[in-house]
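Q: I am new to this structure and would like a careful look at one part of it, with the surroundings explained as you go. Please take it slowly.

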Amino acid sequence: MTQLQAGAATDVGRVRQINEDRYLADEQLFAVADGVGGHQAGEVASQTSVETLLRTFNDGDHTTEGLVVAVEAANQAVWQLAQGSREKRGMGTTLTALALVQENGEEQLALINVGDSRAYLLQQGELIQLTEDHSLVEELVRDGKLTPAEAQVHPQRSIITRALGMEPVIQVDSWEITPYTGDRILLCSDGLTNELSDDRIASTLRQLADPQEAAHDLVRQARAAGGSDNITVVVVDVVDDDDRSKQASAALAGSSEPTRASAAPTVAGAAPDLEHTGTRVAAPPAPAPPAPRPTLAAPAPQPAPKRMTWRVVIFLFAVLAVLGAAVWAVAWYARGAYYVGIDNEQVAIFRGRPGGLLWFDPTLVERKQEPAGVDLLPAQRVQLEAGHEVSSKAAADRYVNNLRQEVEARRAPATTPLPPAGAIPASSSTTSTSRP
Ligand code: MG
């Protein structure tokens, strides 16, 4: 029978007040959960997820499908809790879990992932990342729009696209790994991977043979490197593979390549009894290992950007859409009219509102040769200096045309011969004008 040996450690880090990470290190079930949500809801989500995962897995089939079912139950538990309280609404958690299962009579390691906690396999000294992050930047990397180096420092690297508790139904990634003696699986929250490079993680896992020692040392290094988030590590070693390696070697000698780590679809299988001789759910988190005191004043670590879920992203987009619509409405109102005014002592047509509106200034459309500003009546001039609003350019043209005709009509008596004596002068054409 395959034998596993595990070590685990967690730490609040050097910036956060609360540890919202949880881990599970059972005989054959291991998990890391990284909670999301304010008012301590994140730790409720991560705690609920690992407790439900353990209970449901123990009660169900010890198969890859059984593990997926347990994750779905954990999702339901967090979702129900989130719906029951205003403070907890929107809480969620990542979950990466590993279990020893039976598939078609063979022992396998079933691995599941939701969110951006990770699983790695150290095999023959080489570190391979097994899980794919459900995060915005990792999706951009997969689409070739960001390089891994850019993703590592991207300001939106904490936006996760999948988490337990966000929806009543969850999509779970699952893999099956054939266990061989010497294989080492690392489960960790992003508090580790955001602080330490894969090379440094690999080097530590290669150097420290004891899984508990390796887990503690990784947490210690991540803390020393900044500790901007909660850090959680579970290291699982395959210490006995029930002669699987020897059989694989024999098969290899017969020119058959053994399959080491292989992704496989989730298959429901038989449910043999497995022994569970001790269960440990990490709550409260284990005390932090003492962090080395820096000998020089180190720059204060910056908190990692708070994790955001798609709900928050959608809300932000909705706010932006409303603001965009408001700006568009103001622009439409500010630029949607014309007015007749005076520019350089000439009657002119402007687009916009007199005096402008917010940051939308009126623009000069056309300066008219006739009538000149000096030809206007005082009342007309006052009106135009304030701006006479009209609904369209054509209406503005008509208004200016009327003004011009009026001015011409007032000029008429001075340019036409005097009427014969006794004739009645037209009242409008004899009105005296006082020019400003
Ligand atoms: Mg985290």
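Which strands does helix 7 lie across, and at what angle does helix 7 run to strand 1?

A: This is a predicted model, and what follows describes that model. Helix 7, which covers residues 211–224, lies across strand 1, strand 10 and strand 11, and its direction makes an angle of about 25 degrees with strand 1.

To see what those strands belong to, it helps to turn to the sheet itself. Strands 1, 10 and 11 are part of an open sheet of five strands, ordered 1-11-10-7-8, in which the pairing is antiparallel. The edges of this sheet are taken by strand 1 (3–11) and strand 8 (126–129), each of which pairs on one side only. Averaged over the sheet, and with direction ignored, neighbouring strands are turned by 20 degrees against each other. Within the sheet, strand 10 (residues 184–188) and strand 11 (residues 231–240) run antiparallel and are joined by five bridges; at one place in this pairing, Arg184 has Asp237 of strand 11 opposite it.

Following the chain onward from strand 11 leads to the loop between strand 11 and helix 8 (244–253), where Asp242 is found. The phi of Asp242 is near 60 degrees, which is a positive value in a residue other than glycine. As general background, most residues other than glycine have a negative phi, and most peptide bonds are trans. Asp242 has a relative accessibility of 42%, and therefore counts as partly exposed.

A second sheet offers a useful companion to the one under helix 7. This open sheet has four strands in the order 15-14-13-16, again with antiparallel pairing. Its edges are strand 15 (363–372) and strand 16, and because each has a single partner strand, one side of each is left without a neighbour in the sheet. Here neighbouring strands are turned by 30 degrees against each other on average, direction ignored. A helix lies across strands of this sheet too: helix 10 (residues 378–386) lies across strand 13, strand 14 and strand 16, and runs at about 115 degrees to strand 13.

The pairings inside this second sheet can be followed strand by strand. Strand 13 (residues 338–343) and strand 14 (residues 346–351) run antiparallel and are joined by six bridges, with Gly341 standing opposite Ala348 of strand 14. These two strands form a hairpin with two residues between them, and Asn344, in the loop that links strand 13 to strand 14, has a positive phi of about 55 degrees although it is not a glycine. With a relative accessibility of 60%, Asn344 counts as exposed, because the cut-off for that class is over 50%. Strand 13 also pairs with strand 16 (residues 388–390), in the antiparallel sense and over three bridges, and in that pairing Val340 has His388 as its bridge partner. At the edge, strand 15 contains Pro371, and the peptide bond that leads from Glu370 to Pro371 is cis, with omega near -5 degrees.

A further set of pairings centres on strand 6 (residues 106–114), a mostly covered strand in which eight of nine residues are buried. Strand 6 pairs with strand 5 (residues 95–103) in the antiparallel sense over nine bridges, one example of which sets Thr96 against Asn113 in strand 6. Strand 5 and strand 6 form a hairpin with two residues between the strands, and Asn104 in that hairpin takes a positive phi near 50 degrees. Strand 6 is also joined by five bridges to strand 9 (residues 173–177), and the two run antiparallel; in strand 9, Ile177 is the bridge partner of Leu109.

Finally, the model holds a contact between two helices, which can be set beside the helix-and-sheet arrangements above. Helix 1 (residues 41–59) and helix 2 (residues 64–83) pack at an angle of about 140 degrees, with their axes 8 Å apart, and they are therefore oblique to each other. Their crossing is right-handed. The residues of helix 1 that take part include Val44, Leu53 and Phe57, while those of helix 2 include Leu67, Val71 and Leu81. Sorted by class, this contact has 13 nonpolar residues, five polar ones and no charged ones.

Key
Residues numbered from 1 in each chain as written. Predicted model: local features only at pLDDT ≥ 70, side-chain atom pairs only at ≥ 80, totals over all residues. Heavy atoms only, no water. Axes fitted to C-alpha atoms, helices over the stretch in contact; angles between N-to-C directions. Parallel < 35°, antiparallel > 145°, perpendicular 65-115°, else oblique. Left-handed = near helix turned anticlockwise from the far one by under 90°. Contact = heavy atoms within 4.5 Å. Nonpolar A, V, L, I, M, F, W, Y, C, P; charged D, E, K, R; others polar. Pairing = 2+ DSSP bridges. Buried < 20%, exposed > 50% of the residue type's maximum accessible area, 1.4 Å probe, protein only.
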